[in-house]
Amino acid sequence: MAFMEKPPAGKVLLDDTVPLTAQIEASQSLHSHTISTLSLPLPPKKLIGNMEREFIAERQKGLQAYLDVITTHHILSNCELVKKFLDPNSYSVNYTEIALQHVSMFFRSEPKWEVVEPLKDIGWRIRKKYFLMKIKNQPKERLMLSWADLGPDKYLSDKDLQYAVKLLSSCSHPYIYKITFATANESSALVIRPFSEKGTLKDLIYKAKPKDPFLKKYCNPKKIQGLELQQIKIYGRQILEVLKFLHEKGFPYGHLHSANVMLEGDTCKLLDLENSLLGLPSFYRSYFSQFRKINTLEGVDVHCFGHLLYEMTYGRPPDTIPVDSFPPAPSVFVVSVLESILTCEAMKNGMPTVSRLLQMPLFSDVLLTSSEKPQFKIPTKLKEALKTSKECIEKRLTEEQKLIHQHRRLTRAQSHHGSEEEKKKRKILARKKSKRSAYESGEEHSAKYSNSNNSGSGASSPLTSPSSPTPPSTAGASSIPPAPPPLPPAAPPPTTEVPTQPSPQPNVSASRGALLSSIQNFQKGTLKKTQTCDYSAPRIS
């Protein structure tokens, strides 16, 4: 499969770290039981025969609060049972059976390995399964096999992926856990490592047994206690050194958390380097995807280190991200490192580099005594493929952060628009607008009424003037309109007849109502064009 080629038809690469939410919208009565639209493993009702609406509404609110707690809990929200409950269509596959099929096929080609027992649910990933192994000719040595499906960030070609996964067994570093065997195909990968009875750094912090299920070990610890200051300094320095090594090699990681750090004595060793090659999403992705300044895998590693340092210091993960204030710590230097990574200001300004963290007082005076020389040779061609894959992973992260940012803005605007204060403001504005429009319409009505009266009186005045009789013409000549008042009386006109416009005879019997009616029914378009000779000016002989 070429670079950026789409997966085969029917193959859906889901990001299991995307949080799912559920909203109870209604309820219904079925066989005398009250149930919600979501089937929950809870009693259908508290009191037998209680079908009152108030009780149902109260019960529905309680179920919604129950769902909200589950979907916002970092560990519970990634649990397979929760995913299957909220999204059964996407999580209907039995990955344990698929893993067993792939492992069985592997044993056919590699008969020296043998399964001792499945390690059920010891990890948090839905599509990653674990088995306790042994070599037939070395029955006392225990190994751990992990099988994982490919994830949404798989951008290497099948050929490059298989080569890169096999190359992991050649990696030698004092703070990277040794890989015994690794292989991959077009759909999944299989990795074998030595099994540690001591467990991971997370097991040390939570006082847990390595073989116990993930939820039992870490979801609700009985005792919360952080590590000693010297342990924090040494473990932190070792983890930063291996991150710096991987960054310099151009090898993408992005999967740092306390369960991915194995302990051998007082030495921390990094696990699951194959995750980024397989395209698996990070454990803390739902956190750093909220902040647009964390947009590189180097920045992701530093952000995850902040979570890890907090957990080592206080014995538990932070309640929220970003962290506003920190509880008392064994050293102010611990708090200064945490503030540079997990505070709101750090999220806005971006993550410090690993080199910058190594220079901080908490880690700068730690002396490392390991004599093992790091060695991890990556061919140039594969380095270019890893670089391109890293850029694609970062691009998907950036696009997701952009969508989350847009959704957050929309939600904030809707919340603000629906607040009680905004509702009151809108009511006041609507009231004012209604009053203003009523006032304006009243003014407009008055103006129209005034104009109608004016136009009526103006039209009737020239028509009512002929209502008084006009004196008859004399000397056989037509009458001439009288001269303006200031002028003296006009002399008799000459004997020459002047053609005049015939004037209509007044209808003395017409009433004023008929005149007004004719004015209202007057149509300008019915008039005929005519030529008018103006003889209104007086003539003086």
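1. Overall make-up. The chain's secondary structure comes to 17 helices and nine strands. This is a predicted model. Of the 541 residues in the chain, 38% are buried. The accessible surface comes to about 32,900 Å². Carbon and sulfur atoms account for 55% of that surface.

2. Contacts along the chain. Take the contacts between residues at least 6 apart in sequence. Of these, 66% join residues at least 24 apart.

3. The largest nonpolar core. This core has 84 residues. Which of them touch the most other members? They are Leu201, Phe251, Leu256, Leu277, Phe305 and Met312. Helix α10 (residues 297-314) gives the core its largest share, nine residues. Another core, of 16 residues, lies apart from it. Its members include Ala99, Val103, Trp147 and Leu190.

4. Leu201 in detail. Set aside the neighbours within four places in sequence. Leu201 is then in contact with Leu227, Tyr235, Ser258, Val261, Leu263, Leu308 and Met312.

5. Strands β6 and β7. Strand β6 covers residues 181-184, and its side chains alternate. Ala182 and Ala184 point to one face and are buried. Phe181 and Thr183 point to the other face and are not buried. Strand β7 covers residues 188-194 and runs antiparallel to β6, with four bridges joining the two. The hairpin between β6 and β7 passes through three residues. Ala184 of β6 stands opposite Ala189 in β7.

6. Asn260, a loop residue. Where is Asn260 found? Asn260 sits in the loop between α7 (229-249) and β8 (261-264). Is Asn260 buried or exposed? Its relative accessible area is 5%, so Asn260 is buried. The Asn260 side chain reaches the backbone oxygen of His255 at 2.8 Å. Beyond its neighbours within four places in sequence, Asn260 is in contact with Tyr253, His255, Lys269, Leu270, Leu271, Asp272 and Asn275.

7. Salt bridges. The structure holds 20 of them. Side chains of opposite charge can pair when their charged atoms come close. Three pairs are taken up below.

8. Asp153 and Arg396. Their side chains meet in a salt bridge, at 2.6 Å from N to O. The pair links distant parts of the chain, 243 residues apart. Asp153 is in the loop between β5 (138-149) and α4 (158-167). Arg396 is in helix α15 (residues 380-417). Asp153 has a relative accessible area of 3%, so this residue is buried.

9. Lys233 and Asp365. The closest N and O atoms of this salt bridge are 3.0 Å apart. Lys233 lies in helix α7, and Asp365 in the loop between α14 (361-364) and α15, so the pair ties together parts that are 132 residues apart in sequence. Lys233 counts as buried because its relative accessibility is 10%, under the 20% cut-off.

10. Glu264 and Lys269. Here the side chains meet in a salt bridge at 3.1 Å, N to O. Glu264 is partly exposed, with a relative accessible area of 39%. Lys269 is buried, with a relative accessible area of 14%. There is also a network of salt bridges that share partners. Which residues does that network join? Lys128, Arg193, Asp272 and Glu274 make it up.

11. A link between points. Lys269 pairs with Glu264, and Lys269 is also among the contacts of Asn260. Asp272 belongs to the salt-bridge network, and Asp272 is in contact with Asn260 as well.

Note on methods:
Residues are numbered from 1 along each chain as its sequence is written. This is a predicted model: local features need pLDDT of at least 70, side-chain atom pairs count only at pLDDT 80 or more; totals for chains, interfaces and linings use all residues. Side-chain values use heavy atoms; hydrogens and water are left out. Buried means under 20% relative accessible area, exposed over 50%, partly exposed in between (1.4 Å probe, protein chains only). Two strands pair if DSSP finds at least two bridges between them. A polar contact is a pair of N or O atoms within 3.5 Å; within protein, one must be able to donate a hydrogen and the other to accept it, and residues adjacent in sequence count only if both atoms are side-chain atoms. Contact means heavy atoms within 4.5 Å. A nonpolar core is a set of buried Ala, Val, Leu, Ile, Met, Phe, Trp, Tyr and Cys residues joined through side-chain atoms within 4.5 Å. Accessible areas come from the Shrake-Rupley method with a 1.4 Å probe; for residues, only the protein chains shown count as cover. A salt bridge is a side-chain nitrogen of Lys or Arg within 4 Å of a carboxyl oxygen of Asp or Glu.
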